[in-house]
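Reader: I'm new to this one. Could you walk me through it, one question at a time?

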Amino acid sequence: KLPSIVLVFLYLGTSFFGQLGPNATTFLIPTEVFPTETRTMCHGIAAASGKVGALVAAVLFHYVTEVQLFMVSGYASFLVSGYASFLACFITYLMIPETTTLDLYELDKKWHHVLSGSSEYEGPANHPQHLSFLEQK
C-alpha cells in the first residue's frame, strides 16, 4: 500500500502534466492565433472542441478495451491514447504559427489584408520565424 503523501504527489504530477499540453492548446494558443474581432468566438470553439474530444475519448475508452484493439500485453486503451496524443502533438506542430515575439496587432493587420482581398501582406507576421511549419514550405 502506498503512503498518502506519495498518492498526493502522483495526483498532482498527473494533473500538472495533463493540463500542461491539452490546456495550452485549447486555452493559450487560441488567444494568440485568432484575430481580435473573432478571438472570443474562436476561443470558445477551440475550448468546446477540446471538451468534446475528451468526452469522445472517455466514452470510447470503454469500448477499446472490450474490442482489444491494438492489443499488446493488455494495454490497448493506453496505446490508443498515447498514439492519439502523439498525433495531436504532430498536428499542432505543423499547423500552429509561432507568435511569441510577434505583436498581436500585426496578426490583426495580416487578417484585415486577407479579408479585404488586397495584395499579399508585407510585415513581420509573414516572417518565417512567425509562420507555422506548413506555411514555411
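Author: Here are some questions and answers about the structure shown above. This is a predicted model, where local features need pLDDT of at least 70, side-chain atom pairs count only at pLDDT 80 or more, and totals for chains, interfaces and linings use all residues. Residues are numbered from 1 along each chain as its sequence is written, and side-chain values use heavy atoms, with hydrogens and water left out.

Reader: What pattern does the protein follow along the sequence?

Author: Helices (H or I, at least four residues) and strands (E, at least two) are DSSP runs, numbered from the N terminus. The protein has six helices and zero strands. Read along the sequence, that gives α-α-α-α-α-α.

Reader: What share of the residues count as buried?

Author: Buried means under 20% relative accessible area, exposed over 50%, and partly exposed in between, using a 1.4 Å probe and protein chains only. Among the 137 residues of the protein, the buried share is 17%.

Reader: Does S132 count as buried or exposed, and which residues does S132 touch?

Author: S132 sits in the loop between helix 5 (104–116) and helix 6 (133–136). Its relative accessibility is 3%, so S132 counts as buried. Contact means heavy atoms within 4.5 Å. Not counting residues up to four places away in sequence, S132 touches L94, M95, I96 and P97.

Reader: And T99, which residues is T99 in contact with?

Author: T99 is in the loop between helix 4 (76–95) and helix 5. With 4% relative accessibility, T99 counts as buried. Leaving aside neighbours within four places in sequence, its contacts are E32 and L107.

Reader: Why does the span of helix 5 agree with what it should be?

Author: The expected span of a helix is 1.5 Å times one less than its number of residues. Helix 5 has 13 residues, so it should span 18 Å. Its end C-alpha atoms are 19 Å apart, which agrees with the expected 18 Å.

Reader: Which side chains meet in a salt bridge?

Author: A salt bridge is a side-chain nitrogen of Lys or Arg within 4 Å of a carboxyl oxygen of Asp or Glu, and by this rule the count comes to one. Its two residues both lie in helix 5, three residues apart, about one turn of the helix. One partner, E106, is buried at 15% relative accessible area, while K109 is partly exposed at 45%. With 3.1 Å from N to O, the pair is K109 and E106.

Reader: Are the rings of F16 and F17 stacked or edge-to-face?

Author: Rings of Phe, Tyr and Trp (its six-membered ring) pair if their centres lie within 6.5 Å; planes under 30 degrees apart count as stacked, over 60 as edge-to-face and the rest as tilted. The structure holds two aromatic pairs. In the pair of F16 and F17, the centres are 5.0 Å apart and the planes are at 80°, so the pair is edge-to-face.

Reader: How much accessible area does the nonpolar patch on the surface have together?

Author: Patches are made of residues with over 30% relative accessible area and no salt bridge, with like charges joined within 9 Å and nonpolar side chains (Val, Leu, Ile, Met, Phe, Trp, Tyr) within 5 Å. Accessible areas come from the Shrake-Rupley method with a 1.4 Å probe, and for residues only the protein chains shown count as cover. One of the patch residues is V6, which is partly exposed at 32% relative accessible area. Together with others, including L2, F9 and Y11, the patch has about 900 Å².
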